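Here is a friendly walk through one structure, written for someone who would like to know its side chains before picking up a pipette. Have the structure open beside the text as you read.

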Amino acid sequence: MGKRLQYVALALGAAWACWWVFFEAAEAFGDRQFTQPVLFLVVMFGAVAIAWKWPAIGAVLFLAEAVAAVVLFAPMWAHRCSLGRFLILFAMMPLPPLAAGILLLLSRRHASPPRRIIVV
């Protein structure tokens, strides 16, 4: 069960990263400003790559990205958007990395314990 949770978390993190890198790149083509898409690419896919190799560190990175998104964007959304739009934006930006981080932490909890060899 632990590996399945880990794979679901990684797929969710990768899908989230793909969406936002695509969105930022599409926006950048119009403005000819490519700094932000490159930053999104490095940060978001970097978290997925780290989570693949080191799930505990990846979980912390995903949770940090979710908290950063809430701190940076939620106050603006609260003032400019209706409740429905706020919930949609919340579901698109901080919720996926929050879920991925929690799933990675749960995958470690459900991982099977190492087998011990008893020599008599």
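Let us begin at a proline. Leaving aside neighbours within four places in sequence, Pro37 is in contact with Glu24, Ala25 and Ala28. Bear in mind as you look that this is a predicted model. Pro37 has its place in helix 2, and helix 2 covers residues 35-53. Along the chain, Pro37 and Ala25 are 12 residues apart, yet 5.3 Å separates their C-alpha atoms. Is Pro37 buried or exposed? Its relative accessibility is 8%, so Pro37 counts as buried, the cut-off being under 20%.

**A nonpolar patch on the surface**

Helix 2 also has something to show on the outside. Phe29, Phe34, Val38, Leu39, Leu41, Val42 and Val43 make up a nonpolar patch on the surface, and together they have about 650 Å² of accessible area. Which helix gives the largest share of the patch? That is helix 2, with five residues. Phe29, another member of the patch, is placed in helix 1, which runs over residues 2-31. Phe29 counts as exposed because its relative accessibility is 55%, and the cut-off for exposed is over 50%.

**The cores**

Now for the inside. As a general point, nonpolar side chains in soluble globular proteins tend to be buried together. In this model, the largest nonpolar core has 11 residues: Leu5, Ala9, Leu10, Ala47, Val48, Ala51, Ala59, Phe62, Ala100, Leu103 and Leu104. At least two residues of this core come from each of helix 1, helix 2, helix 3 (55-80) and helix 5 (95-109). There is also a second, separate core of nine residues, with Trp16, Trp20, Val21 and Met93 among them.

Ala51 gives a good view of the largest core. Not counting neighbours within four places in sequence, Ala51 is in contact with Gln6, Leu10, Gly58, Phe62 and Leu104.

**Residues around the largest core**

Gln6 is worth a closer look. This residue lies in helix 1, and with a relative accessibility of 10%, Gln6 counts as buried. Beyond the residues up to four places away in sequence, Gln6 touches Ala51, Trp52, Pro55, Leu104 and Ser107.

One of those partners, Pro55, lies in helix 3. Pro55 is buried too, since its relative accessible area is 18%. What does Pro55 contact, apart from its neighbours within four places in sequence? The list is Gln6, Ile50 and Leu104. In sequence, Pro55 and Gln6 are 49 residues apart, while in space they are 7.7 Å apart, C-alpha to C-alpha.

Helix 3 also holds Leu61. With a relative accessible area of 29%, Leu61 is partly exposed. Setting aside residues up to four places away in sequence, Leu61 touches Ala47 and Ile50. Leu61 and Gly101 are 40 residues apart in sequence and 7.6 Å apart in space, C-alpha to C-alpha.

**Aromatic pairs in helix 1**

How many aromatic pairs does a search of the whole structure find? The answer is eight. Two of them are set out here.

| Pair | Centre to centre | Angle between planes | Type |
|---|---|---|---|
| Trp19 and Phe22 | 6.5 Å | 40° | tilted |
| Trp20 and Phe23 | 5.2 Å | 75° | edge-to-face |

Why is the pair of Trp19 and Phe22 described as tilted? The planes of the two rings stand at 40°, so the pair falls between stacked, under 30 degrees, and edge-to-face, over 60. Trp19 and Phe22 are three residues apart in helix 1, so about one helical turn separates them. Trp20 and Phe23 are likewise three residues apart in helix 1, and so about one helical turn separates them.

The accessibility of these residues is given one by one. Trp19 counts as partly exposed, at 39% relative accessibility, and Phe22 is exposed, with a relative accessible area of 56%. Trp20 counts as buried, at 10% relative accessibility, whereas Phe23 is partly exposed, with a relative accessible area of 35%. Trp19, Trp20, Phe22 and Phe23 form one aromatic cluster, and Trp20 is also included in the second core.

How values were computed: Residues numbered from 1 in each chain as written. Predicted model: local features only at pLDDT ≥ 70, side-chain atom pairs only at ≥ 80, totals over all residues. Heavy atoms only, no water. Patch = residues over 30% accessible without salt bridge, like charges linked within 9 Å, V, L, I, M, F, W, Y side chains within 5 Å. Areas by Shrake-Rupley, 256 points an atom, 1.4 Å probe, with all protein chains shown as cover. Salt bridge = Lys/Arg side-chain N within 4 Å of Asp/Glu carboxyl O. Helix = DSSP H or I, 4+ residues; strand = E, 2+ residues; numbered from the N terminus. Buried < 20%, exposed > 50% of the residue type's maximum accessible area, 1.4 Å probe, protein only. Core = buried A, V, L, I, M, F, W, Y, C linked by side-chain atoms within 4.5 Å. Contact = heavy atoms within 4.5 Å. Phe/Tyr/Trp six-rings, centres within 6.5 Å; stacked < 30°, edge-to-face > 60°.
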